[in-house]
Amino acid sequence: MCGGESRENAAGPGRGQADAKSDPPRRIIHVDMDAFFASVEQRDRPELRDRPVAVGHGRARGVVAAASYEAREFGVRSAMPSVTALRKCPELIFVPPRFEVYRGVSADIHAIFAEYTDLVEPLSLDEAYLDVSQACAGGRPASEIAEEIRARIRAATGLTASAGVSYNKFLAKLASDQNKPDGLTVIPPHRAAAFVAGLPVGRFHGVGPVTEAKMLRLGIRSGADLRAKSLAFLQAHFGSSAAHYHAISRGIDPRPVRPDRPRKSIGAETTLSEDLSAFEAATEVLARLAAKLSRPCAEKGLAGRTVTVKVRFTDFEQVTRRRTLSRPLTGTAEMLEVARQLLAGLHPFPRRVRLLGITLSGLEPRAEAAAEKQLDLFDDGSRNSG
């Protein structure tokens, strides 16, 4: 890395460079706020400090949006049904989310990032990648920059952040998870191979529960096991994802930090106050969701080609249906009509419905979409190609 290691945890004993082909290696920092939503609430309400807190609604059909570390000790996690969380932690305190406050704090944090590099790739309100290679060009260690950023975040917001430093995004992300909360971990090139080899595959960013279960069935339990498998073997079992798994098991991740990373999708969903089975009632819910989606699309000047409908039944089985159109959708009515058709394909529902959602993806600037729609209106099938 760019300079020595001082106050951070270095990922430990290493050999080789994990096949990394960086000359010179990039300097990437991944910053991840610690239990962000819950920590903001504990900061603003002193009576919640050192208490198990869940951001969300404690009603029977509520879901945990975020959990404090005190709540996590009881097994409470985000996306967990509130009733389950309360069973795990009867003393759990629910507080309603305040997203405008979280966005404001996030803006303050990202302003700090911008003082160190223009190459900042936000992943969410509470985490981002920073490429600080240029800032390190004079010999300043990336670990020193990461420590300074963490200190400034604490001073400006009263919150703690964990950071990971390495030569690519995959390893920086792993590093930031290594010593939470309020930790800093560095994975230099010569220690990457041993670090990756010793991790369970479930820790790898991009390996979800379904893929992890499949890997375990195939005897792939650690990074070392994954690295031992040939590319041909991985292609046979994991298809288009094989090359990615083959690379990350060797510490290779060529993805640059993209400050202008386009948003790929936008979605909205709701857990229903009462389970429903009537198609008309479900369509009314979709109408509200479509209207909700249309507002940020209009504000950001976006349109999308793919509509996905998500349905979760009372037994928590979840199904999705999607349709991609030849041209982008530019209005609420169009989005709703596609969503209604997708929902009709699932009706009559096998069980009552407890959650509905809509996602719009394949996003592009709305001006281009409107122009394409205008051309379609005048296209009689004989449009000239020259």
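**Close-up views of a predicted protein chain**

Of the 386 residues of the protein chain, 44% count as buried (under 20% relative accessible area with a 1.4 Å probe, protein chains only; exposed is over 50%, and partly exposed lies in between). This is a predicted model, in which local features need pLDDT of at least 70 and side-chain atom pairs count only at pLDDT 80 or more, while totals for chains, interfaces and linings use all residues. Residues are numbered from 1 along each chain as its sequence is written, and side-chain values use heavy atoms, with hydrogens and water left out.

**View 1. The whole chain, with 14 helices and 14 strands.** These elements are DSSP runs numbered from the N terminus: helices are H or I with at least four residues, strands E with at least two. Contacts (heavy atoms within 4.5 Å) often link distant parts of the sequence: at a separation of 6 or more, 67% of them join residues 24 or more positions apart.

**View 2. An open sheet of three strands in the order β4-β3-β5, with mixed pairing.** Strands pair here if DSSP finds at least two bridges between them. At the edges are β4 (64-67) and β5 (93-95), each pairing on one side only. The twist averages 30° from one strand to the next (axes are lines fitted to C-alpha atoms, for helices over the stretch in contact, and angles run from 0 to 180 degrees between N-to-C directions). Strand β3 (residues 53-56) runs parallel to β5 over three bridges, and Val55 has Val95 in β5 as its bridge partner.

**View 3. The largest nonpolar core, with 34 residues.** Such a core is a set of buried Ala, Val, Leu, Ile, Met, Phe, Trp, Tyr and Cys residues joined through side-chain atoms within 4.5 Å. Ile29, Phe36, Phe113, Leu130, Ile149 and Ile153 touch the most other members. Elements giving two or more residues include β2 (28-33), α4 (99-114) and α5 (142-157). Take a look at Leu130: its contacts, leaving out residues up to four places away in sequence, include Ile29, Phe113, Ile149 and Val257.

**View 4. Two stretches with pLDDT below 50, residues 3-8 and residues 368-386.** pLDDT is the predictor's confidence in each residue, from 0 to 100. The chain has a mean of 86, and 88% of its residues reach 70 or more. In the model, residues 3-8 have eleven contacts beyond near neighbours in sequence, and residues 368-386 have 16 beyond four places in sequence. Where pLDDT is low, the predicted coordinates should not be read in detail.
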